[in-house]
Amino acid sequence: MKKIGISLMIMALLSGVDARAQGNLFQEIILSDLQASIARERVEKNVIDWRVGERSEYKMKAVIGNLGDLMKRVDREEGNAIWLISEMTGQQAQKVEAKLDRATGQILDYIVNGQRETPPDNGFELISQDEQTITVPAGTFRTIHVVAKMNSGQVSKVEVWVNPREIVMDGNAKTIAYTSFFPVEIILQRFTRP
């Protein structure tokens with residue numbers, strides 16, 4: 001009964017937030033996940049070596065239940081850059097296209113729902129990292145668990161569990177984004193290599 005009351009309270013909070021604000025929140029969640037994963041990748045290799053055709057699928061969950069699905073894929077190459085497409089379906093549809101410099105991980109171009117935007121400059125501070133084994137629907141993986149504090153926006157902190165050797169692209173097995181509303185979990189369901 002208590003859980004239902006909390007869920008109703010959160011749904012009431014969200015119903016008072018306009019669709020644009022909700023869209024910005026989910027855009028921030030996707031971006032914070034990407035930033036933390038890229039940071040780990042840069043520390044490991046100082047290069048992004050993702051391949052066109054790599055794809056990963058996630059479930060997004062919160063205390064109010066399933067928020068939808070997130071699919072990430074490397075769409076194409078452009079010079080020394082790649083285009084990463086992140087599409088969220090469910091309660092809030094969102095498509096984010098990010099052109100990433102392979103050498104630096106810098107976002108060179110950023111398109112949200114067909115509109116070119118300047119990516120939010122949230123910045124982050126690495127709090128900790130350690131090794132952990134994690135089990136998600138896609139399997140059991142030895143990962144690097146990274147905790148980072150976000151310096152602005154609606155996401156205050158993010159935790160990611162990554163294994164770029166076994167999992168495609170950023171190697172993300174799980175993310176928890178701590179938002180101003182509630183934590184959002186992004187959990188790897190499956191991934192494919194080209």
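**Figure 1. The salt bridge between Glu87 and Arg73.** In this predicted model, the side chains of Glu87 and Arg73 form a salt bridge with an N to O distance of 3.6 Å. Glu87 belongs to strand 3 (residues 81–90) and Arg73 to strand 2, so the pair ties together parts that lie 14 residues apart in sequence. Glu87 is partly exposed, its relative accessible area being 25%. Arg73 also counts as partly exposed, because its relative accessibility is 22%, and buried residues must fall under 20%.

**Figure 2. Further salt bridges, including those of Arg73 and Arg102.** Arg73 meets Asp75 in a salt bridge as well, at 2.6 Å from N to O. Asp75 is partly exposed, with 29% relative accessibility. The side chains of Arg102 and Glu77 are likewise joined by a salt bridge, at 2.8 Å from N to O. Arg102 is located in the loop between strand 4 (94–101) and strand 5 (107–112), whereas Glu77 is in strand 2, so this pair ties together parts that are 25 residues apart in sequence. With a relative accessible area of 12%, Arg102 is buried. Through salt bridges that share partners, Arg73, Asp75, Arg76 and Glu87 become one network. In the whole structure, eleven salt bridges are found.

**Figure 3. The surroundings of Lys174.** Lys174 is part of strand 10. What is the nearest side chain of opposite charge to Lys174, and how far away is it? It is Glu185, at 4.1 Å; Lys174 is buried yet has no salt bridge. The distance of 4.1 Å does not qualify, because a salt bridge requires the nitrogen to be within 4 Å of the carboxyl oxygen. Leaving aside residues up to four places away in sequence, Lys174 touches Ile134, Val136, Glu159, Val160, Trp161, Glu185, Ile186 and Ile187.

**Figure 4. The largest nonpolar core and another core apart from it.** The largest nonpolar core has 19 residues, of which Met60, Leu67, Leu70, Val136 and Phe182 touch the most other members. At least two residues of this core come from each of strand 1 (55–62), strand 2 (65–78), strand 7 (124–136), strand 10 (172–179) and strand 11 (183–192). Strand 11 supplies the largest share, four residues. Another core, of twelve residues, lies apart from this one and includes Ile48, Val96, Ala98 and Val168. In soluble globular proteins, nonpolar side chains tend to be buried together.

**Figure 5. The open sheet and its edge strands.** Eleven strands make up an open sheet with antiparallel pairing, in the order 6-5-4-3-2-1-11-10-9-8-7. Strand 6 (115–116) and strand 7 are the edge strands, each pairing on one side only. Strand 7 pairs with strand 8 (residues 139–150) in the antiparallel sense over twelve bridges. Which residue in strand 8 is the bridge partner of Glu131? The partner is Ile144.

**Figure 6. The protein as a setting for the close-up views.** The protein contains two helices and eleven strands, which follow the pattern α-α-β-β-β-β-β-β-β-β-β-β-β along the sequence. Of its 194 residues, 48% count as buried. Among contacts with a separation of 6 or more, 49% are between residues 24 or more positions apart. The protein exposes about 9500 Å², and carbon and sulfur atoms supply 50% of this area.

Conventions: Residues are numbered from 1 along each chain as its sequence is written. This is a predicted model: local features need pLDDT of at least 70, side-chain atom pairs count only at pLDDT 80 or more; totals for chains, interfaces and linings use all residues. Side-chain values use heavy atoms; hydrogens and water are left out. A nonpolar core is a set of buried Ala, Val, Leu, Ile, Met, Phe, Trp, Tyr and Cys residues joined through side-chain atoms within 4.5 Å. Buried means under 20% relative accessible area, exposed over 50%, partly exposed in between (1.4 Å probe, protein chains only). Two strands pair if DSSP finds at least two bridges between them. Lys and Arg count as positive and Asp and Glu as negative; His and the chain ends are not counted. Contact means heavy atoms within 4.5 Å. Accessible areas come from the Shrake-Rupley method with a 1.4 Å probe; for residues, only the protein chains shown count as cover.
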